[in-house]
Amino acid sequence: MALFTLADLHLSLSDDKPMDVFGGSWVGYEKKLQEYWEYMVRPEDTVVVPGDISWAMSLEGSLDDLRFIHNLPGNKILMKGNHDYWWASMTKMEAFLEENKLSTLRFLYNDAVFCQGKILCGSRGWMCEDKMTEQDQKVLRRESLRFRLSLEKASTLADSVEAESGERPELICFSHYPVVTAAQRENPILDVLKEFGVRRVYYGHLHNWGTKPLYEEWEGIRFTLVSSDYRAFTPVRIE
């Protein structure tokens, strides 16, 4: 059993929102995504998708996109991104999955899960730039609280696993937005990650990044960009 991640699927099987306006790599991306996913992932594996899953504007409108993901190999853990307007309450979304028999999907929101020997946690995050509005600051503070809530649950879950097995599992964090950027490094989310001893964070959101430099490590934490176009629509294995 293996653990993978891939963000920013940006599916639009019902709404026909073309992605090729964002670059040639997006031409035929659904087919590439399916082929590479089927090549990499086995039924017993797990794939975390940290946000920007579907362009749908409602939960009902996301069905074709969620069904597409459901039919791919492996179990999938879905997280919220800034374009996931279809996202609803957990009660409604879980009922929607059950009603439509999307049994390979689950959501991670204000929570943590023990999976493939690791504790998985995180939240959407928010852009942290040098020029931010008061509203941006408010959302960022709220997201830092969501990270804290998720990490508190992750820590409690790690205590339970350690008490039973004698080994403490690693806490791996996922964020839709980057936590550290060239414009701003003093992110309150970073303080929460450091407090709980997180050493690895996987994130998306950034597109057409090519060979631009990224902050791959900052204050003892390694940050890995896993947006689908940056990763050639291929799930990234987490060792």
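How many nonpolar, polar and charged residues does the lining of the largest cavity have? Keep that question in mind while moving through this predicted model, which the tour takes in three stops.

**First stop: the cavity.** Select Met79, Lys80, Leu108, Tyr109, Gly122, Ser123 and Arg124, the residues that line the largest cavity. By class, this lining has three nonpolar, two polar and two charged residues, and the space that they surround has a volume of about 40 Å³. A search of the whole structure finds one cavity of 30 Å³ or more.

**Second stop: helix 2.** Select residues 63-71, which form helix 2, and colour Leu63, Asp65, Leu66, Phe68, Ile69 and His70, since these residues of the helix are buried. To see what covers them, add helix 1 (29-40), strand 3 (75-79), helix 3 (90-99) and strand 4 (105-107), which are among the elements that do so.

**Third stop: two cysteines.** Select Cys121 and Cys173, and display their sulfur atoms, which lie 4.1 Å apart. Are these two residues buried or exposed? Cys121 is buried, with a relative accessible area of 0%, and Cys173 is likewise buried, also with a relative accessible area of 0%. A disulfide is a covalent bond between the sulfur atoms of two cysteines. Why, then, is Cys173 not bonded to Cys121? The closest cysteine sulfur to that of Cys173 is the one in Cys121, and at 4.1 Å it is too far for a bond, because a disulfide requires the sulfur atoms to be within 2.5 Å. A search of the whole structure finds zero disulfides, and Cys121 accordingly is in none.

Definitions and conventions: Residues are numbered from 1 along each chain as its sequence is written. This is a predicted model: local features need pLDDT of at least 70, side-chain atom pairs count only at pLDDT 80 or more; totals for chains, interfaces and linings use all residues. Side-chain values use heavy atoms; hydrogens and water are left out. Buried means under 20% relative accessible area, exposed over 50%, partly exposed in between (1.4 Å probe, protein chains only). Helices (H or I, at least four residues) and strands (E, at least two) are DSSP runs, numbered from the N terminus. Contact means heavy atoms within 4.5 Å. On a 1 Å grid over the protein atoms alone, a cavity is a set of points where a 1.4 Å probe fits but cannot get out, and a pocket is an open set with protein on both sides within 12 Å along at least five of seven lines; lining residues have an atom within 4 Å of a point. Grid points are joined across faces, edges and corners, and a volume is the space filled by probe spheres set on the points. Ala, Val, Leu, Ile, Met, Phe, Trp, Tyr, Cys and Pro count as nonpolar, Asp, Glu, Lys and Arg as charged, and the others, Gly among them, as polar.
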